[in-house]
Amino acid sequence: MNLLSKIVIPLFVLFIIFYGVKKRVNVYDSFLEGAKEGLIMVFHITPTVLAMVFAVNIFLDSHFIDGMLGFLKPLFDFANVPIDILPMALLRPISGTASLAIMNDIFTHFGPDSYIGRLASTLQGCTDTTIYVLALYFGSIKVTKTRYSLPVGLFADLMGIIAAFVITFIFFG
Amino acid sequence: MVNVIWAGLIFIAIIYSFLTGEIDTINNGILTHATSGINLIMEMMPLIVLWTGIMKIAEKSGLLHVFARMLNPILRRLFPSLPKNHKALGYIASNIGANMLGLGSAATPFGLKAMEELQKDNPKKDTATEAMITFLVLNTGGVTLIPTTVIALRIMHGSVNPTEIIITSILATSVSSISGLLLDYFIRRRKRY
(Lines give C-alpha, C1' and ligand atoms only; values in the text may rest on other atoms or scores of the structure.)
Protein backbone atom coordinates (compact mmCIF):
# COMPACT_ATOMS: atom_id res chain seq x y z
CA MET A 1 0.00 0.00 0.00
CA ASN A 2 2.74 2.39 1.00
CA LEU A 3 4.90 1.46 -1.96
CA LEU A 4 1.96 1.83 -4.32
CA SER A 5 1.21 5.38 -3.19
CA LYS A 6 4.91 6.25 -3.43
CA ILE A 7 5.33 4.89 -6.91
CA VAL A 8 2.15 6.27 -8.50
CA ILE A 9 3.27 9.88 -8.93
CA PRO A 10 6.79 9.26 -10.30
CA LEU A 11 5.38 6.69 -12.75
CA PHE A 12 2.67 9.10 -13.83
CA VAL A 13 5.18 11.91 -14.50
CA LEU A 14 7.52 9.54 -16.32
CA PHE A 15 4.69 8.24 -18.46
CA ILE A 16 3.40 11.70 -19.44
CA ILE A 17 6.85 12.92 -20.46
CA PHE A 18 7.68 9.68 -22.25
CA TYR A 19 4.41 9.83 -24.18
CA GLY A 20 5.03 13.51 -25.03
CA VAL A 21 8.52 12.81 -26.37
CA LYS A 22 7.19 9.86 -28.37
CA LYS A 23 4.52 12.06 -29.96
CA ARG A 24 7.21 14.68 -30.79
CA VAL A 25 5.73 17.35 -28.53
CA ASN A 26 8.14 20.05 -27.36
CA VAL A 27 7.79 18.97 -23.74
CA TYR A 28 9.83 21.77 -22.19
CA ASP A 29 7.94 24.57 -23.97
CA SER A 30 4.62 22.92 -23.16
CA PHE A 31 5.59 22.68 -19.50
CA LEU A 32 6.45 26.39 -19.39
CA GLU A 33 3.19 27.31 -21.12
CA GLY A 34 1.16 25.24 -18.64
CA ALA A 35 3.11 26.47 -15.63
CA LYS A 36 2.40 30.05 -16.65
CA GLU A 37 -1.32 29.23 -16.79
CA GLY A 38 -0.92 27.68 -13.34
CA LEU A 39 0.54 30.87 -11.92
CA ILE A 40 -2.37 32.88 -13.27
CA MET A 41 -4.69 30.29 -11.72
CA VAL A 42 -3.03 30.75 -8.32
CA PHE A 43 -3.48 34.50 -8.69
CA HIS A 44 -7.21 34.00 -9.37
CA ILE A 45 -7.85 31.65 -6.43
CA THR A 46 -5.87 33.63 -3.82
CA PRO A 47 -8.77 35.89 -2.73
CA THR A 48 -11.14 32.89 -2.44
CA VAL A 49 -8.75 30.81 -0.39
CA LEU A 50 -7.93 33.72 1.87
CA ALA A 51 -11.61 34.56 2.41
CA MET A 52 -12.57 30.97 3.26
CA VAL A 53 -9.59 30.27 5.51
CA PHE A 54 -10.21 33.49 7.38
CA ALA A 55 -13.93 32.86 7.99
CA VAL A 56 -13.50 29.18 8.91
CA ASN A 57 -10.60 29.86 11.27
CA ILE A 58 -12.26 32.63 13.27
CA PHE A 59 -15.36 30.42 13.43
CA LEU A 60 -13.23 27.62 14.92
CA ASP A 61 -11.56 30.08 17.32
CA SER A 62 -14.93 31.11 18.75
CA HIS A 63 -15.61 27.47 19.89
CA PHE A 64 -19.24 27.93 18.87
CA ILE A 65 -19.67 24.26 18.00
CA ASP A 66 -18.35 23.11 21.40
CA GLY A 67 -20.78 25.50 23.06
CA MET A 68 -23.75 24.12 21.16
CA LEU A 69 -22.92 20.50 21.93
CA GLY A 70 -24.09 20.63 25.53
CA PHE A 71 -27.71 20.35 24.38
CA LEU A 72 -27.09 17.19 22.39
CA LYS A 73 -25.11 15.25 24.94
CA PRO A 74 -28.01 13.22 26.45
CA LEU A 75 -29.03 12.05 22.99
CA PHE A 76 -25.53 10.80 22.23
CA ASP A 77 -25.17 9.10 25.61
CA PHE A 78 -28.44 7.34 24.89
CA ALA A 79 -27.18 6.08 21.51
CA ASN A 80 -23.92 5.04 23.17
CA VAL A 81 -21.78 7.10 20.76
CA PRO A 82 -19.00 9.29 22.21
CA ILE A 83 -19.99 12.92 21.68
CA ASP A 84 -16.41 13.79 20.66
CA ILE A 85 -17.25 12.63 17.14
CA LEU A 86 -19.92 15.28 16.57
CA PRO A 87 -17.72 18.36 16.01
CA MET A 88 -15.81 16.34 13.47
CA ALA A 89 -18.95 15.36 11.57
CA LEU A 90 -20.17 18.97 11.62
CA LEU A 91 -16.85 20.39 10.49
CA ARG A 92 -16.10 17.86 7.78
CA PRO A 93 -17.86 19.80 4.97
CA ILE A 94 -16.39 23.13 6.14
CA SER A 95 -12.74 22.47 6.87
CA GLY A 96 -10.60 19.47 6.00
CA THR A 97 -7.74 20.53 8.26
CA ALA A 98 -10.07 21.08 11.22
CA SER A 99 -11.69 17.66 10.94
CA LEU A 100 -8.26 16.10 10.44
CA ALA A 101 -7.05 17.80 13.62
CA ILE A 102 -10.05 16.46 15.56
CA MET A 103 -9.42 12.97 14.17
CA ASN A 104 -5.84 13.27 15.37
CA ASP A 105 -7.12 14.21 18.86
CA ILE A 106 -9.49 11.24 18.85
CA PHE A 107 -6.61 8.92 17.90
CA THR A 108 -4.52 10.35 20.76
CA HIS A 109 -7.28 10.00 23.38
CA PHE A 110 -9.05 6.80 22.30
CA GLY A 111 -6.57 5.13 19.92
CA PRO A 112 -7.04 4.52 16.19
CA ASP A 113 -8.36 0.98 16.77
CA SER A 114 -11.13 2.03 19.17
CA TYR A 115 -14.71 2.16 17.88
CA ILE A 116 -14.69 5.96 17.77
CA GLY A 117 -11.24 5.93 16.14
CA ARG A 118 -12.53 3.75 13.33
CA LEU A 119 -15.64 5.90 13.01
CA ALA A 120 -13.48 9.04 12.75
CA SER A 121 -11.30 7.40 10.08
CA THR A 122 -14.35 6.49 8.01
CA LEU A 123 -15.84 9.97 8.44
CA GLN A 124 -12.65 11.61 7.24
CA GLY A 125 -12.56 9.37 4.17
CA CYS A 126 -16.25 9.55 3.30
CA THR A 127 -16.45 13.06 1.83
CA ASP A 128 -14.41 16.08 0.82
CA THR A 129 -14.58 19.64 2.13
CA THR A 130 -17.69 20.63 0.16
CA ILE A 131 -17.89 24.31 1.02
CA TYR A 132 -14.21 24.91 0.42
CA VAL A 133 -14.14 23.00 -2.89
CA LEU A 134 -17.25 24.86 -4.05
CA ALA A 135 -15.86 28.29 -3.16
CA LEU A 136 -12.49 27.44 -4.69
CA TYR A 137 -13.70 26.00 -8.00
CA PHE A 138 -16.43 28.56 -8.64
CA GLY A 139 -14.24 31.40 -7.34
CA SER A 140 -11.44 30.51 -9.77
CA ILE A 141 -13.70 31.15 -12.79
CA LYS A 142 -15.72 33.96 -11.16
CA VAL A 143 -19.05 32.13 -11.13
CA THR A 144 -21.24 33.70 -8.44
CA LYS A 145 -24.61 32.09 -9.23
CA THR A 146 -23.98 28.56 -8.02
CA ARG A 147 -27.64 27.49 -8.46
CA TYR A 148 -28.49 24.17 -6.79
CA SER A 149 -24.87 23.01 -6.29
CA LEU A 150 -24.49 23.74 -2.56
CA PRO A 151 -27.72 22.02 -1.42
CA VAL A 152 -26.84 18.96 -3.52
CA GLY A 153 -23.25 18.92 -2.16
CA LEU A 154 -24.42 19.20 1.44
CA PHE A 155 -27.08 16.54 0.89
CA ALA A 156 -24.33 14.20 -0.37
CA ASP A 157 -22.26 15.01 2.74
CA LEU A 158 -25.17 14.30 5.05
CA MET A 159 -25.84 10.95 3.39
CA GLY A 160 -22.12 10.13 3.59
CA ILE A 161 -21.95 11.00 7.29
CA ILE A 162 -25.05 8.93 8.10
CA ALA A 163 -23.60 6.07 6.03
CA ALA A 164 -20.30 6.33 7.94
CA PHE A 165 -22.14 5.93 11.29
CA VAL A 166 -24.25 3.00 10.05
CA ILE A 167 -21.45 1.18 8.21
CA THR A 168 -18.94 1.51 11.07
CA PHE A 169 -21.60 0.13 13.41
CA ILE A 170 -22.24 -2.85 11.12
CA PHE A 171 -18.53 -3.64 10.62
CA PHE A 172 -17.06 -2.89 14.04
CA GLY A 173 -20.01 -2.25 16.40
CA MET B 1 -25.20 30.56 -1.14
CA VAL B 2 -21.48 30.66 -0.38
CA ASN B 3 -22.17 34.31 0.30
CA VAL B 4 -24.61 33.43 3.10
CA ILE B 5 -22.33 30.81 4.65
CA TRP B 6 -19.34 33.10 4.62
CA ALA B 7 -21.24 35.92 6.31
CA GLY B 8 -22.85 33.45 8.73
CA LEU B 9 -19.51 32.00 9.85
CA ILE B 10 -18.13 35.48 10.57
CA PHE B 11 -21.29 36.74 12.33
CA ILE B 12 -21.50 33.69 14.56
CA ALA B 13 -17.78 33.76 15.31
CA ILE B 14 -17.63 37.41 16.37
CA ILE B 15 -20.95 37.63 18.21
CA TYR B 16 -20.48 34.30 20.02
CA SER B 17 -16.99 35.27 21.16
CA PHE B 18 -18.35 38.59 22.48
CA LEU B 19 -20.96 36.64 24.45
CA THR B 20 -18.42 34.22 25.90
CA GLY B 21 -15.86 36.94 26.61
CA GLU B 22 -13.27 35.50 24.23
CA ILE B 23 -12.57 38.92 22.75
CA ASP B 24 -8.78 38.47 22.85
CA THR B 25 -8.94 35.22 20.89
CA ILE B 26 -11.14 36.64 18.15
CA ASN B 27 -9.14 39.85 17.98
CA ASN B 28 -5.95 37.83 17.47
CA GLY B 29 -7.71 35.59 14.99
CA ILE B 30 -8.80 38.46 12.79
CA LEU B 31 -5.27 39.79 12.73
CA THR B 32 -3.50 36.47 12.08
CA HIS B 33 -5.77 34.33 9.91
CA ALA B 34 -5.12 36.27 6.72
CA THR B 35 -1.59 34.92 7.12
CA SER B 36 -2.94 31.36 7.45
CA GLY B 37 -4.77 31.90 4.15
CA ILE B 38 -1.63 33.12 2.40
CA ASN B 39 0.36 30.23 3.87
CA LEU B 40 -2.11 27.77 2.41
CA ILE B 41 -1.79 29.45 -1.00
CA MET B 42 1.98 29.30 -0.72
CA GLU B 43 1.76 25.59 0.05
CA MET B 44 -0.53 24.97 -2.91
CA MET B 45 1.26 27.16 -5.43
CA PRO B 46 4.26 24.96 -6.30
CA LEU B 47 2.00 21.94 -6.79
CA ILE B 48 -0.47 23.82 -8.95
CA VAL B 49 2.25 25.35 -11.13
CA LEU B 50 4.07 22.02 -11.45
CA TRP B 51 0.97 19.99 -12.31
CA THR B 52 -0.53 22.47 -14.76
CA GLY B 53 2.87 22.42 -16.50
CA ILE B 54 3.06 18.64 -16.64
CA MET B 55 -0.57 18.27 -17.65
CA LYS B 56 -0.01 20.71 -20.54
CA ILE B 57 2.39 18.12 -21.96
CA ALA B 58 -0.30 15.47 -21.57
CA GLU B 59 -2.80 17.77 -23.27
CA LYS B 60 -0.53 18.48 -26.26
CA SER B 61 0.49 14.85 -26.76
CA GLY B 62 -3.14 13.74 -26.80
CA LEU B 63 -2.72 11.68 -23.62
CA LEU B 64 -5.42 13.61 -21.84
CA HIS B 65 -7.76 12.64 -24.63
CA VAL B 66 -6.82 8.99 -24.08
CA PHE B 67 -7.67 9.29 -20.36
CA ALA B 68 -11.02 10.82 -21.22
CA ARG B 69 -11.76 8.02 -23.70
CA MET B 70 -11.03 5.38 -21.07
CA LEU B 71 -13.65 6.86 -18.76
CA ASN B 72 -15.94 7.74 -21.63
CA PRO B 73 -18.78 5.28 -20.83
CA ILE B 74 -19.16 6.83 -17.37
CA LEU B 75 -18.44 10.43 -18.35
CA ARG B 76 -20.98 10.40 -21.20
CA ARG B 77 -23.76 9.50 -18.79
CA LEU B 78 -22.65 12.01 -16.16
CA PHE B 79 -22.11 14.91 -18.55
CA PRO B 80 -24.71 14.56 -21.34
CA SER B 81 -24.42 18.29 -22.12
CA LEU B 82 -20.74 18.05 -23.16
CA PRO B 83 -19.67 17.07 -26.71
CA LYS B 84 -17.63 13.88 -26.92
CA ASN B 85 -14.28 15.59 -27.56
CA HIS B 86 -14.61 18.40 -25.03
CA LYS B 87 -11.22 19.40 -23.60
CA ALA B 88 -12.60 19.47 -20.06
CA LEU B 89 -13.31 15.71 -20.12
CA GLY B 90 -9.60 14.81 -20.03
CA TYR B 91 -9.06 17.01 -17.00
CA ILE B 92 -12.19 15.65 -15.34
CA ALA B 93 -10.91 12.10 -15.92
CA SER B 94 -7.49 12.99 -14.44
CA ASN B 95 -9.13 14.71 -11.49
CA ILE B 96 -11.29 11.68 -10.70
CA GLY B 97 -8.26 9.38 -11.10
CA ALA B 98 -6.10 11.44 -8.74
CA ASN B 99 -8.92 11.66 -6.17
CA MET B 100 -9.50 7.92 -6.27
CA LEU B 101 -5.83 7.27 -5.51
CA GLY B 102 -6.01 9.69 -2.58
CA LEU B 103 -3.74 12.23 -4.28
CA GLY B 104 -5.88 15.17 -3.23
CA SER B 105 -3.22 17.81 -3.80
CA ALA B 106 -2.65 16.62 -7.37
CA ALA B 107 -6.39 16.48 -8.01
CA THR B 108 -7.01 20.17 -7.30
CA PRO B 109 -5.05 21.60 -10.28
CA PHE B 110 -6.83 19.17 -12.64
CA GLY B 111 -10.18 20.22 -11.21
CA LEU B 112 -9.40 23.92 -11.56
CA LYS B 113 -8.30 23.33 -15.14
CA ALA B 114 -11.51 21.40 -15.89
CA MET B 115 -13.59 24.31 -14.56
CA GLU B 116 -11.60 26.72 -16.74
CA GLU B 117 -12.33 24.63 -19.85
CA LEU B 118 -16.02 24.36 -18.93
CA GLN B 119 -16.23 28.11 -18.44
CA LYS B 120 -14.95 28.70 -22.00
CA ASP B 121 -18.27 27.73 -23.56
CA ASN B 122 -20.52 28.92 -20.79
CA PRO B 123 -22.96 31.46 -22.30
CA LYS B 124 -23.61 33.15 -18.94
CA LYS B 125 -20.20 33.64 -17.31
CA ASP B 126 -21.51 34.34 -13.79
CA THR B 127 -23.85 31.33 -13.67
CA ALA B 128 -22.89 27.70 -13.10
CA THR B 129 -23.67 25.27 -15.94
CA GLU B 130 -25.16 21.82 -15.38
CA ALA B 131 -21.85 20.17 -16.25
CA MET B 132 -20.01 22.31 -13.68
CA ILE B 133 -22.47 21.36 -10.95
CA THR B 134 -22.27 17.64 -11.72
CA PHE B 135 -18.48 17.87 -11.68
CA LEU B 136 -18.53 19.65 -8.32
CA VAL B 137 -20.94 17.15 -6.79
CA LEU B 138 -18.62 14.37 -7.95
CA ASN B 139 -15.68 16.23 -6.44
CA THR B 140 -17.16 17.23 -3.10
CA GLY B 141 -18.24 13.62 -2.68
CA GLY B 142 -14.52 12.87 -2.73
CA VAL B 143 -14.46 9.46 -4.40
CA THR B 144 -11.42 8.14 -2.54
CA LEU B 145 -10.37 4.52 -2.92
CA ILE B 146 -7.24 4.84 -0.80
CA PRO B 147 -7.52 7.44 2.00
CA THR B 148 -3.75 7.95 2.25
CA THR B 149 -3.74 10.70 4.91
CA VAL B 150 -6.00 8.77 7.26
CA ILE B 151 -3.92 5.61 6.88
CA ALA B 152 -0.69 7.53 7.49
CA LEU B 153 -2.12 9.03 10.69
CA ARG B 154 -3.35 5.63 11.87
CA ILE B 155 0.13 4.19 11.37
CA MET B 156 1.60 7.13 13.27
CA HIS B 157 -0.71 6.42 16.22
CA GLY B 158 0.28 2.74 16.26
CA SER B 159 -2.79 1.11 14.77
CA VAL B 160 -2.65 -2.68 14.63
CA ASN B 161 -4.48 -2.73 11.32
CA PRO B 162 -4.22 0.74 9.72
CA THR B 163 -5.89 -0.28 6.45
CA GLU B 164 -8.99 -1.90 7.98
CA ILE B 165 -10.97 1.32 7.39
CA ILE B 166 -10.48 1.25 3.61
CA ILE B 167 -13.58 -0.83 3.00
CA THR B 168 -15.83 1.23 5.32
CA SER B 169 -14.50 4.45 3.74
CA ILE B 170 -15.19 3.20 0.22
CA LEU B 171 -18.73 2.20 1.17
CA ALA B 172 -19.45 5.53 2.89
CA THR B 173 -17.96 7.62 0.08
CA SER B 174 -19.97 5.60 -2.46
CA VAL B 175 -23.20 6.28 -0.60
CA SER B 176 -22.30 9.99 -0.48
CA SER B 177 -21.36 10.28 -4.17
CA ILE B 178 -24.21 8.19 -5.50
CA SER B 179 -26.85 10.07 -3.50
CA GLY B 180 -25.36 13.41 -4.63
CA LEU B 181 -25.29 12.36 -8.28
CA LEU B 182 -28.83 10.96 -8.10
CA LEU B 183 -30.20 14.19 -6.63
CA ASP B 184 -28.28 16.17 -9.28
CA TYR B 185 -29.73 13.91 -11.98
CA PHE B 186 -33.30 14.32 -10.77
CA ILE B 187 -32.98 18.11 -10.57
CA ARG B 188 -31.60 18.22 -14.11
CA ARG B 189 -34.36 15.97 -15.44
CA ARG B 190 -37.13 17.93 -13.76
CA LYS B 191 -35.81 21.17 -15.26
CA ARG B 192 -35.85 19.73 -18.76
CA TYR B 193 -39.41 18.42 -18.90
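Domain bounds here come from an automatic or database domain assignment. On that basis, chain B of this predicted model is divided into domain 1, covering residues 1–43, and domain 2, covering residues 62–192. The C-alpha centres of domain 1 of chain B and domain 2 of chain B lie 30 Å apart.

A good place to continue is the meeting of the two chains. Here, 83 residues of chain B are in contact with 84 residues of chain A. On the chain B side, the elements that each give two or more residues are helix 1 (2–19), helix 2 (23–61), helix 6 (104–120), helix 7 (130–141), helix 8 (148–156) and helix 9 (166–192). Helix 2 of chain B gives the most to this side, with 23 residues. Sorted by class, the residues of chain B that touch chain A comprise 43 nonpolar, 32 polar and 8 charged.

Within chain A, a pair of helices offers a closer view of packing. The axes of helix 6 (residues 96–110) of chain A and helix 7 (residues 115–126) of chain A come within 9 Å and cross at roughly 165°. Because angles over 145 degrees count as roughly antiparallel, helix 6 of chain A is roughly antiparallel to helix 7 of chain A. The crossing of these two helices of chain A is left-handed. Helix 6 of chain A brings Ser99(A), Leu100(A), Met103(A), Ile106(A), Phe107(A) and Phe110(A) to the contact, while helix 7 of chain A brings Ile116(A), Gly117(A), Ala120(A) and Gln124(A). This contact between helix 6 and helix 7 of chain A has 7 nonpolar and 3 polar residues, and no charged ones.

Definitions and conventions
Residues numbered from 1 in each chain as written. Chains lettered and ligands numbered in written order. Predicted model: local features only at pLDDT ≥ 70, side-chain atom pairs only at ≥ 80, totals over all residues. Contact = placed C-beta atoms within 7 Å. Helix = DSSP H or I, 4+ residues; strand = E, 2+ residues; numbered from the N terminus. Nonpolar A, V, L, I, M, F, W, Y, C, P; charged D, E, K, R; others polar. Axes fitted to C-alpha atoms, helices over the stretch in contact; angles between N-to-C directions. Parallel < 35°, antiparallel > 145°, perpendicular 65-115°, else oblique. Left-handed = near helix turned anticlockwise from the far one by under 90°.
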